[in-house]
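Colleague: I'm new to this structure and would like a close look at just one part of it, the interior with its packing and its empty spaces. Could you walk me through that part?

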Amino acid sequence: MNRTLPPWALLLALVLVGVAAPVAAHPLRSTAVLLDLRESSVEGEVQLPLDQLELTLRRGLLEDTSTLAARRGEELTRYLGEHLAVLAADGRAFRVDLHSPEVRRIDGSEFLVVRLSMSPPPGATARALTLRYDAILHRVVTHTVFVYVRSDFEGGVFSAHPELLGVLRYRSTSLEMERSDGSWWRGFQSVFVLGTRHIAEGTDHLLFLLVLLLAAPLIGTRGRWAPSPSTGHGVKQVVKVVSAFTLGHSLTLAAGALGVLQVPQAPVEILIAVSILVSAVHALRPLFSGREPLIAVAFGLVHGLAFSTVLAEFGLDTRALVLSVLAFNLGIEAMQLAVVAVTLPWLLVLSRSPVHALVRGAGACFAGVAAVGWIAERAFSLQTPIVPFVDAVAGHALLGVALLAGLSLAVVGATRLRSRRAGRVLSATVAGSAPGGLG
């Protein structure tokens, strides 16, 4: 017989669900397996959510997470090893080494992170394997495990954009990986594109380059800027400055990426902002007239240290790292040349007109304000509206180039119009002063 629940019973049910919700509807966090493919091995790490691991082992893991790795690291590593196996294409087992775990906070939650190294059996490739994994899955049936390739030079995959291989679940705990279609050329191309994007999307690096270009076609005399004696001379000045900057950042990019030179990232980012501020002041009033290439080399060394951290994060082996340094640097240079190509002609046109001083002043002031915002943020952790504003303006860079081009063409047109009018006045004057011109 069908019966309708009375209102009080329905209300009681809702209350009970609400009370139970914090337990039953606890956010289910997933495990991530991140793989880094090397030439002859696979490195990586497993990130296990502690709350899910607690449900599996039921041993008070969450009581004191700060000392968990030291107290029970060996036990937890052994547990993971019992639930992880890697096989080659012919069924032989990889050698799997698990390193000491650590507790890491990821996206606001605590995870047990275990680094691993996997070596294929003799004669087998590291680029084809079967992963069998059921840690937590064998007890928590709602758990999921996401398996990513985090770094694969020959496959064109890098840590900033990992590639999802597949998802493991309670009754699906095996995953095959086959990546034999990669090549060094594919990786080279991918890192080259990454280098171009790093400049195109790096507002601070891009702004520094543009500030260099503002004063590069000019000559500093007695604390003021003056036009170069010729367009050719202005082009040579630009080539010297840009080449010097390239030399500087190429040296530290290679040294930093290869591990020869290691500098904390925070001071490097602050120095980059300082370099923009100094260059902006120099664009207004010459600070080191005639020594611009030397300053460009010095600042290039600083910017190169920032570039190197991008590659260092990939954890590539030596061969892939050397190729990546070359490709990344070429990508940076290609984008720099593109920026020079679309801005320099218009700056050269304007450099011999009074309008250039206005453009240079506006550009230098904008760069200076942006640099102050970055210094406040990076050195003192102060949030200002400057940085969001600069990022918003940077999103319309092409519009800025179009306006610069339009202004240059307008100046050229106005100059030619004045020349024609002057020519007509001169012709009329000459005609009026010629014999018989008085009638």
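Modeller: Let's start at V238, in this predicted model. Setting aside its neighbours within four places in sequence, V238 is in contact with L213, A216, P217, V340 and L344. V238 also belongs to the largest nonpolar core, a set of 39 residues, where V238, I276 and W374 touch the most other members. Two or more residues of this core come from each of α5, α6, α7, α8, α9 (318-350), α10 (355-380), α11 (386-394) and α12 (397-433). Of these elements, α10 gives the largest share, seven residues. There is also a second, separate core, with 37 residues, and L48, L53, L61 and I136 are among them. As general background, nonpolar side chains in soluble globular proteins tend to be buried together.

Now for the empty spaces. Rolling a probe the size of a water molecule over the atoms shows where empty space is left. A search of the whole structure turns up two cavities of 30 Å³ or more.

The largest cavity has a volume of about 150 Å³. Its lining is made of 16 residues, and those nearest its centre are L212, V241, H282, F288 and E292. At least two lining residues come from each of α5 (203-215), α6 (231-257), α7 (265-284) and α8 (292-312). The biggest contribution is from α8, which provides four residues. Sorted by class, this lining holds 12 nonpolar residues, three polar ones and one charged.

The second largest cavity holds about 50 Å³ of space. P217, which we met as a contact of V238, appears again here: the lining consists of P217, P227, S228, S230, T231, G234, L348, S351 and R352. By class, that gives three nonpolar, five polar and one charged residue.

You can look at the pockets in the same way. The largest pocket encloses about 1000 Å³. It is lined by 32 residues, with L210, H396, A397, G400 and V401 closest to its centre. The elements supplying two or more of the lining residues are α5, α9, α10, α11 and α12. Here α12 gives the most, with eight residues. The lining of this pocket has 26 nonpolar and six polar residues, and no charged ones.

For the second largest pocket, turn to some strands. This pocket has a volume of about 200 Å³. Around it you will find R29, S30, T31, A32, Q47, I106, D107, S109, F111, F146 and Y148. At least two of the lining residues come from each of β1 (31-37), β6 (109-119) and β8 (145-152). By class, five are nonpolar, four polar and two charged.

Finally, here is the setting for all of this. The chain has 12 helices and 12 strands, and 43% of its 439 residues count as buried. Of the contacts between residues at least 6 apart in sequence, 71% join residues at least 24 apart. The chain exposes about 23100 Å², with carbon and sulfur atoms supplying 63% of that area. If you would like a place to begin in the viewer, go back to V238 and find its contacts L213, A216, P217, V340 and L344.

Definitions and conventions:
Residues numbered from 1 in each chain as written. Predicted model: local features only at pLDDT ≥ 70, side-chain atom pairs only at ≥ 80, totals over all residues. Heavy atoms only, no water. Buried < 20%, exposed > 50% of the residue type's maximum accessible area, 1.4 Å probe, protein only. Contact = heavy atoms within 4.5 Å. Areas by Shrake-Rupley, 256 points an atom, 1.4 Å probe, with all protein chains shown as cover. 1 Å grid on protein atoms, 1.4 Å probe; cavity = no way out; pocket = protein on both sides within 12 Å on 5 of 7 lines; lining within 4 Å. Points joined across faces, edges and corners; volume = space filled by probe spheres on them. Nonpolar A, V, L, I, M, F, W, Y, C, P; charged D, E, K, R; others polar. Core = buried A, V, L, I, M, F, W, Y, C linked by side-chain atoms within 4.5 Å.
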